[in-house]
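Trainee: Got a minute to go through this one with me? I'd like to work from the metal site outwards.

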Amino acid sequence: MPAVGCSTLVSCAAGGTPMKSPAQPEVTRDGVLAWEDEVVTYAGPRSGWTGSVDEDLAGRTIVPGFVDCHTHLPFVRWRDDEYEARLTGRTYRDLHGEGGIHRSARLLADSSDQEILDFCHPLLDEMLAHGTTAMELKTGYGLSVEQELRQARLARTMADAIPQTCTLTLLACHAVPDEWDREAWVETVCRELIPQAVAEGLADAVDVYVEDIAFTVADLERVAETVAGAGLPLRVHADQLGHSGAAEAAVRLQARSADHLNHIGAAGVRALRQGSTAAVLLPASTLVLGATAPPVAALSEGGAVLALATDFNPGTSPVLSMPEAIAIGCALYRLAPLEALAAATVNAAWVLGLENRLGSLAPGKRADFLVLEGEDFRMTPYRPGHNPVVRTFVGGVASG
Ligand code: NIG
Ligand code: FE
């Protein structure tokens, strides 16, 4: 049975449930992690380990593999020109149409399956090298029933070819397709797209982008009805560019998560503190958009479930590195390093419904773990722009 020793072990074990802020994961100095057949058999102090140790990772920290619970992969091609335009006077809202989601949809439709896979695979490798061992994939650049299903199938094809565990979220309500009436599109999503995706096994969750340039809280309620009928978890892009009340609606509709939250109001904060919907923080998109930070301290002090992810997409967050997202989260949102770690592992796994298999290091969990530089996890947020991941293990096997 392989076993490694390390200076510090942060297992993030919380008994399969998410960790409610401001609780922080326990730190074990001088730890041992052992596993067999892809599964953890021991994670704890060296004093409690009776077996031998194959390798001593002195000066290193072991943590669970990062779970990126909000990405917009698969997509194809970048939109760096839009970033420059936004830095020189344009806004995300006014680029929506000629640019933005609609442009990524055109790029997807104009690319072959192989071109899309060839674009994504090096990015997935880079994510692995930065410690992402599980992630969400989303649709949302289809903007038609056929292209949404195509993007979902491509996501599954991609997932089958990589070591990371992936879940697939249908973000069919991301932008109103050209020449469609908004409500008619929502009906088509509910009556055609979701049932077809479910029949083909292409949806692990459904997401709705609630925004003045996208969909309304009433649209969210309509989709929630269909999603509940299909027995799928609901996710919500909530209060990102402006306030809509989507965060409190997400809690009321028992969504698994409300994501972004830059413009959440007092009612939304109250709801997330009391409910079981996770607040998914996406600080890289806040940085790239130059947006207002959400009231993270109010959420954290009030016992909300915080998760943290990259939001990796070509518009608002061309950031695929979880260490970078954690570093930005600590700097901009004033998260404590270990609070950010729990948000990026055990809580993120809960958002994706994977908490029984991964996201923490405890007997029975998958041996997805990272060897990080330094004797303290705080080295990760302390050095933005530096990759602290020395080795990534997926199912007990070192990759890369
Ligand atoms: O989460 N704002 C909505 N969706 C994405 C951005 C998509 C894009 O610009 O391509 C987000 O930020
Ligand atoms: Fe997003």
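Mentor: Sure, we'll take the metal, the other ligand, a helix and then a loop, and keep in mind that this is a predicted model.

Trainee: Okay, which residues coordinate the iron ion (ligand 2)?

Mentor: Three histidines and an aspartate do: His70, His72 and His237, each through NE2, plus Asp311 through OD. The distances run from 2.1 to 2.3 Å.

Trainee: And how are those donor residues spaced in sequence?

Mentor: The pattern is H-x1-H-x164-H-x73-D. Distant parts of the chain get linked that way: histidine 72 is in the loop between E5 and helix H1 (80-87), while aspartate 311 is in the loop between E12 and H12, 239 residues apart.

Trainee: Is histidine 72 buried or exposed?

Mentor: Histidine 72 counts as buried because its relative accessibility is 3%, and the cut-off is under 20%. Aspartate 311 is buried too, with a relative accessible area of 2%.

Trainee: Switching to ligand 1, how many residues surround it?

Mentor: There are 15, and the closest are Arg79, Tyr92, Tyr141, Gln240 and Thr316.

Trainee: What polar contacts does ligand 1 have with side chains?

Mentor: Among them, an N or O atom in the arginine 79 side chain sits 2.8 Å from an oxygen of ligand 1. In the histidine 174 side chain, an N or O atom is 2.9 Å from a nitrogen of the ligand. Histidine 237 has a polar side-chain atom 3.1 Å from a ligand 1 oxygen. The protein buries 100% of the 320 Å² that ligand 1 exposes when taken alone.

Trainee: So histidine 237 turns up twice?

Mentor: Yes, as an iron donor through NE2 and in that polar contact with ligand 1.

Trainee: New topic. How many residues of helix H13 are buried?

Mentor: Seven of the eight in H13 (residues 337-344), so the helix is mostly covered. The buried ones are Leu338, Glu339, Ala340, Leu341, Ala342, Ala343 and Ala344.

Trainee: What do they pack against?

Mentor: Strands E4 (55-64), E5 (66-68) and E12 (306-308), along with helices H11 (296-301), H12 (322-333) and H14 (346-351).

Trainee: Last one: where is alanine 13?

Mentor: Alanine 13 is in the loop between strand E1 (3-9) and strand E2 (28-36). At 39% relative accessibility, alanine 13 counts as partly exposed.

Trainee: What does alanine 13 touch?

Mentor: Leaving out residues up to four places away in sequence, alanine 13 touches Met19, Ser360, Leu361 and Ala362. Alanine 13 and alanine 362 are 349 residues apart in sequence, yet their C-alpha atoms are 6.2 Å apart.

Notes. Residues numbered from 1 in each chain as written. Chains lettered and ligands numbered in written order. Predicted model: local features only at pLDDT ≥ 70, side-chain atom pairs only at ≥ 80, totals over all residues. Heavy atoms only, no water. Helix = DSSP H or I, 4+ residues; strand = E, 2+ residues; numbered from the N terminus. Buried < 20%, exposed > 50% of the residue type's maximum accessible area, 1.4 Å probe, protein only. Contact = heavy atoms within 4.5 Å. Donors = N, O, S within 2.8 Å, 3.2 Å for Na, K, Ca; no water. Near = heavy atom within 4 Å. Polar contact = N/O pair within 3.5 Å; in protein donor to acceptor, adjacent residues only side chain to side chain. Areas by Shrake-Rupley, 256 points an atom, 1.4 Å probe, with all protein chains shown as cover.
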